[in-house]
Number of protein chains: 2
Amino acid sequence: MDKQAQLEAFRKGIAQFVTFNDAEWEIFTPYLSFSNLSKKEHFAVEGKVCDYMCFITRGAVRYYHIKDGQEITGYFSFENELMSAYKSFLKRTPNTNYIQALEETELVMISHQNLQQMLNHPLLALKIERFGRLIAEYYICCYEDRVTAFITQSPEERYVILEKTAKDIFQRIPQHFIANFLGITPVSLSRIRKRTLLQ
Amino acid sequence: MDKQAQLEAFRKGIAQFVTFNDAEWEIFTPYLSFSNLSKKEHFAVEGKVCDYMCFITRGAVRYYHIKDGQEITGYFSFENELMSAYKSFLKRTPNTNYIQALEETELVMISHQNLQQMLNHPLLALKIERFGRLIAEYYICCYEDRVTAFITQSPEERYVILEKTAKDIFQRIPQHFIANFLGITPVSLSRIRKRTLLQ
DNA sequence: TGAAATCCTTATCTTTTGTTAACGTTTTCA
DNA sequence: TGAAAACGTTAACAAAAGATAAGGATTTCA
């Protein structure tokens, strides 16, 4: 995808949070940069501060932790979604997990430095503050649902709901990553799938 | 606690997010209101839109869902912390859980309506946008840690860590609520406690 | 293209958790 | 103050999940 098309996709993708008129867009876009990730390439690694907030125009990534030498996948992001090691990016602290491309991935990026400059730019500040607030609020709602699922649902219930609401993820993501995401082992997910098929 | 003392506590409590000079404070405080909750009184109930964002100056509350007729406690907030049915408050959608006072509780409150007015007030807008953004970012970091705990830790590990990092909660909150919070049943928590004591 | 890596399933065994119920203690509140 | 409610522990059994290993299919990539 060429940069112009990526910018268009980005503009459309963030319209749920904030819309720029053409004059604002002219000021805004020079603060953006672009990058590609090849399959298995890391966007973020443990111990490093994450300097970019991204919008994925194509591809998919997984977020994972390493515990006792084992990778545990906690989340995914796909095209037309935002991606960042959010906590590290915001707090400027070393990241505690990894983000890795599952496919060829294209990104539109905002560096932390540029973000700060925009927050000091008289014509952008208010809109960028709002953008940041709405993004954060959006993610809070996602997280709230996720925690609620862990509190109130069994692994099997979480699987059944995921299978209903995001069937396509099973075509795109290896099943053992999805198992981690659901909070169980791959073996256990395989059993649950067999069990729920028979019913 | 009298209102002046509550306001002082509030100002101090939000200083981690935003600080007001005295002139700004004068403009800001008329948008606030006050309320008390007696023990077991509900601040929020399922099905109603939550109209207030609160700061707790005294007391404690629990957040719980009802599933199959059973109450499942998912979170707590204490004095000097913020409290709201955040998702409902932000999205103006019916709330999906309950918030109930565990003790006599005192609140400083911002109504959604007043918040919107402040966001349109030329002298407050930027600071309030920032306040909202920083609060949301703060909660995202909390949620991120919580989800990571569910993904990467066993119930026993979650208990041991909670016992280390927030021992006082066990003196203040009934144990079966804490069990829900950890994602397990009260019986299971009782077993874990016995098990880890013996080791 | 062919060896290596990845992936899913299945089996076996162990460990943990859920469920239900009972019991004694403490707290609540009319 | 006294009956009722709330609370934590324990027991017994069932259900589910974790750990480990093996086997076969598919994919990857040099």
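A pocket, as I use the word here, is an open set of grid points with protein on both sides within 12 Å along at least five of seven lines. I note at the start that this is a predicted model.

**Entry 1: the second largest pocket**

I looked up the second largest pocket and found a volume of about 1,300 Å³. Which residues lie nearest its centre? I wrote down Tyr75(B), Phe76(B), Cys142(B), Arg146(B) and Phe181(B), out of 47 lining residues. Sorting the lining by class gave me 28 nonpolar, twelve polar and seven charged residues. Helix 5 of chain B is the element that gives the most to this lining, with eight residues.

**Entry 2: helix 5 of chain B**

That helix deserved its own page. Helix 5 of chain B runs over residues 125-152, which makes 28 residues. From its first C-alpha to its last I get 40 Å, close to the 40 Å expected at 1.5 Å a residue. Is this helix mostly covered or mostly open? Mostly covered: 20 of its 28 residues are buried. A reminder to myself: an α-helix has 3.6 residues a turn, so residues three or four places apart point the same way.

**Entry 3: DNA strand C**

Next I turned to the DNA. I find 16 residues around DNA strand C, and the closest are Gln175(A), His176(A), Ser190(A), Arg191(B) and Arg195(B), from both chain A and chain B. Of the strand's atoms that come within 4 Å of the protein, 66% belong to sugar and phosphate.

I then went through some polar contacts to phosphate oxygens of DNA strand C. His176(A) has a polar side-chain atom 2.9 Å from one. For Thr185(B), a side-chain N or O atom is 3.0 Å from a phosphate oxygen of the strand, and for Lys39(B) the value is 3.3 Å. Helix 8 (175-182) and helix 9 (186-198) of chain A, together with helix 9 (186-198) of chain B, each give two or more residues to the surface near this strand. Which element gives the most? It is helix 9 of chain B, with five residues. The class count for this surface is six nonpolar, five polar and five charged.

**Entry 4: DNA strand D**

Now for DNA strand D. Here I list 16 residues around the strand, with Thr185(A), Arg191(A), Arg195(A), Gln175(B) and His176(B) the closest. Sugar and phosphate make up 67% of the strand's atoms within 4 Å of the protein.

What does Arg191(A) come close to on DNA strand D? One of its polar side-chain atoms lies 2.9 Å from a base nitrogen. Arg195(A) and Thr185(A) go to the backbone instead: a side-chain N or O atom of Arg195(A) is 2.7 Å from a phosphate oxygen, and one of Thr185(A) is 3.1 Å from a phosphate oxygen. The elements with two or more residues in the surface near this strand are helix 9 of chain A, plus helix 8 (175-182) and helix 9 of chain B. Helix 9 of chain A has the largest share, five residues. By class I get six nonpolar, five polar and five charged residues.

**Entry 5: closed spaces**

How many cavities of 30 Å³ or more does a search of the whole structure find? It finds two. The largest has a volume of about 170 Å³. Its lining holds 14 residues, with Met53(A), Phe89(A), Leu115(A), Gly132(A) and Ile135(A) closest to the centre. Helix 5 of chain A gives the most to this lining, four residues, and helix 5 of chain B supplies at least two. I count eleven nonpolar, one polar and two charged residues in the lining.

The second largest cavity holds about 40 Å³ of space. Among its lining residues are Phe10(A), Met53(A), Cys54(A), Phe55(A) and Ile135(A). Strand 3 (52-58), strand 8 (105-111) and helix 5 of chain A each give two or more residues, and strand 3 has the largest share, three. Its lining has nine nonpolar residues, with no polar and no charged ones.

**Entry 6: Lys12(B)**

Last, one single residue. Lys12(B) sits in helix 1 (residues 3-13) of chain B. Why do I call Lys12(B) exposed? Because its relative accessible area is 70%, and exposed means over 50%. From Lys12(B) to Leu182(B) I noted 170 residues in sequence and 31 Å in space, C-alpha to C-alpha.

Terms used. Residues numbered from 1 in each chain as written. Chains lettered and ligands numbered in written order. Predicted model: local features only at pLDDT ≥ 70, side-chain atom pairs only at ≥ 80, totals over all residues. Heavy atoms only, no water. Expected span 1.5 Å × (residues − 1). Buried < 20%, exposed > 50% of the residue type's maximum accessible area, 1.4 Å probe, protein only. Near = heavy atom within 4 Å. Polar contact = N/O pair within 3.5 Å; in protein donor to acceptor, adjacent residues only side chain to side chain. Nonpolar A, V, L, I, M, F, W, Y, C, P; charged D, E, K, R; others polar. 1 Å grid on protein atoms, 1.4 Å probe; cavity = no way out; pocket = protein on both sides within 12 Å on 5 of 7 lines; lining within 4 Å. Points joined across faces, edges and corners; volume = space filled by probe spheres on them.
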